[in-house]
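These are my notebook entries on a structure that I had not examined before. I record what I looked up, entry by entry.

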Amino acid sequence: MQKRLTLLGSTGSIGDSTLDVVARHPQRFSVYALTAHRNGEKLVEQCLRFTPEVAVVGDADTAAQVERKLREAGSKTVVTYGPQALVEVSKSDGCDTVVAAIVGAAGLAPTLAAAKAGKQILLANKEALVMSGDIFIDAVCDSGAVLLPLDSEHNAVFQCFPRENAQRDGVTKIILTASGGPFRTREPSTLVNVTPDEACKHPNWSMGRKISVDSATMMNKGLEVIEAHYLFDLPGERIDVLIHPQSVIHSMVSYADGSVLAQLGNPDMRTPIAHALAYPERVDSGVAQLDLAQIATLTFEKPDYERFPCLALAMQALSAGGVASTALNAANEVAVEAFLNRRIGFMAIAQTVDAVLNALENRTASSLEVVLEADAAARRAAHTIIDSLPVPA
Ligand code: NAD
Ligand code: MG
């Protein structure tokens with residue numbers, strides 16, 4: 001049976017990689033909906049190639065431009081816009097699978113709608129899970145939705161994790177690998193002066209700018225520890241982070257008998273995407289086979305929490321529980337945007353997140369409303385802190 005996809009965030013890095021895999025298997029996958037925020041031109045190209053029924057953009061002006069170009073080209077794709085339109089295409093009967101590849105909290109509402117509608121969800125948008133935690137997982141369990149991780153580490157863990165619940169007792173821990181990003185060996189005193197372009201120059205992966213900055217601060221790995229906690233139901237103490245600069249081992253699972261299972265591959269997101277799209281089958285992803293003799297050396301080291309305070313902050317937020325992870329994620333999104341706009345320096349990202357976590361009172365994440373309030377409060381607090389910080393030279 002052909003899978004019908006809604007691809008949230010189709011114009012991004014994960015969106016590109018997903019469509020690359022989809023195009024290799026036209027008999028297996030077809031596209032019901034594509035969504036973009038402001039990049040109407042790219043969305044038009046994608047619509048002409050993949051002929052979705054619906055295309056969604058962020059605002060009325062972009063929708064009008066996209067609509068005009070599609071009609072000129074003879075396309076029948078219906079164009080809609082705004083947050084509610086994202087929710088509609090995620091829960092629609094027109095699709096059975098939703099690829100969640102919007103960046104940040106904007107992806108929560110449509111991804112949660114897909115969970116409530118019992119879809120198969122291929123999750124890249126880790127921020128949505130980090131901010132809503134148990135509420136998201138409960139929605140998946142209640143509706144019988146299927147959640148498959150696209151994040152390379154979590155996809156690797158999923159591949160190495162026991163399938164049967166009864167065998168889970170044998171798992172001792174998850175080991176998430178991390179490249180260490182572009183500043184793993186840079187002199188710490190020079191980090192205050194790094195530019196957005198330097199922070200976005202990841203050594204192994206080509207990704208959107210927000211996650212690239214998160215990789216440079218290692219907040220990305222912190223968010224991934226929280227993501228792993230919710231996906232695999234293990235406490236933070238049983239989720240380790242291991243620096244592995246080559247990004248060949250994408251993560252590991254340790255077992256009580258001393259076995260460690262790892263998933264390896266070239267660092268290319270099309271591998272986890274193809275794995276999740278075709279699951280439980282295996283299909284060509286376009287990624288070259290791994291050549292370990294040529295790579296020759298794999299190395300490992302412990303993470304340096306002083307160099308990467310964001311990693312420590314995320315682990316603290318996970319152990320604090322409640323809405324601390326929601327606040328961490330919200331403060332980080334605001335701080336990363338301020339850094340990308342050259343409003344604050346690189347080290348001020350961690351400073352802002354730390355200050356927000358200290359300023360806000362933690363609460364139990366008892367409902368979606370409480371979570372959204374915590375998200376909004378953390379954003380306001382982050383803006384206030386950023387307003388008090390100097391503009392970098
Ligand atoms: P990106 O910036 O390249 O793309 C983001 C997509 O989201 C775009 O299509 C954009 O139009 C859309 N978008 C942005 N803001 C939006 C809004 N307010 N409303 C609706 N749509 C909006 O980002 P990316 O690198 O593709 O990452 C997407 C998600 O996947 C992130 O959560 C990231 O953490 C996760 N992820 C990415 C990678 C990677 O290799 N790129 C790996 C693992 C996880
Ligand atoms: Mg990852």
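**Entry 1: surroundings of Thr111.** I began with the contacts of Thr111 in this predicted model. Leaving aside residues up to four places away in sequence, I found that Thr111 touches Leu8, Ala100, Ile121, Leu123, Asn125 and Phe136. I then looked up where the residue sits: Thr111 belongs to helix 5, which covers residues 108-116. Is Thr111 buried or exposed? Its relative accessibility is 1%, so I entered Thr111 as buried. I also noted a polar atom of the Thr111 side chain 2.6 Å from the backbone oxygen of Gly107.

**Entry 2: the magnesium ion.** I next asked which residues are the protein donors of the magnesium ion (ligand 2). They are Asp151 (OD), Glu153 (OE) and Glu224 (OE), at 2.1 to 2.2 Å from the ion. Along the chain, I read the spacing of these donors as D-x1-E-x70-E. I checked the accessibility of two donors. Asp151 has a relative accessibility of 8% and therefore counts as buried. Glu153 is likewise buried, with a relative accessible area of 8%.

**Entry 3: a salt bridge of Asp151.** I stayed with Asp151 and looked for a salt-bridge partner. Asp151 pairs with Lys126, and their closest N and O atoms are 2.8 Å apart. I located Asp151 in the loop between strand 7 (146-149) and helix 8 (152-160), and Lys126 in helix 6 (residues 126-132). The two residues are 25 residues apart, and the pair links distant parts of the chain. Both Asp151 and Lys126 are buried.

**Entry 4: salt bridges in the whole structure.** I then widened the search. How many salt bridges does the whole structure hold? The search finds 24 salt bridges. I chose one of them, between Asp20 and Arg270, in which the closest N and O atoms are 3.1 Å apart. Asp20 lies in helix 1 (residues 13-24) and Arg270 in helix 12 (residues 270-278), so this pair ties together parts that are 250 residues apart in sequence. Asp20 is partly exposed at a relative accessible area of 28%, whereas Arg270 counts as buried at 16% relative accessibility. I noted further that Asp20 and Arg270 belong to a network of salt bridges that also links Arg24, Asp268 and Asp284.

**Entry 5: a pair within one helix.** I looked up the salt bridge between Glu67 and Arg71, where the closest N and O atoms are 2.5 Å apart. Both residues lie in helix 3 (residues 60-72); they are four residues apart, which means a separation of about one helical turn. Glu67 is partly exposed at 31% relative accessibility, and Arg71 is partly exposed at 36%.

**Entry 6: cysteines.** Last, I searched the whole structure for disulfides and recorded zero. Cys95 is in no disulfide, and I found its nearest cysteine sulfur, that of Cys47, 15 Å away. Cys95 is buried, with 3% relative accessibility. Cys141 is in no disulfide either; its nearest cysteine sulfur is that of Cys95, 20 Å away. Is Cys141 buried or exposed? Its relative accessible area is 55%, and I entered Cys141 as exposed.

Methods: Residues numbered from 1 in each chain as written. Chains lettered and ligands numbered in written order. Predicted model: local features only at pLDDT ≥ 70, side-chain atom pairs only at ≥ 80, totals over all residues. Heavy atoms only, no water. Salt bridge = Lys/Arg side-chain N within 4 Å of Asp/Glu carboxyl O. Buried < 20%, exposed > 50% of the residue type's maximum accessible area, 1.4 Å probe, protein only. Disulfide = S-S within 2.5 Å. Donors = N, O, S within 2.8 Å, 3.2 Å for Na, K, Ca; no water. Polar contact = N/O pair within 3.5 Å; in protein donor to acceptor, adjacent residues only side chain to side chain. Contact = heavy atoms within 4.5 Å.
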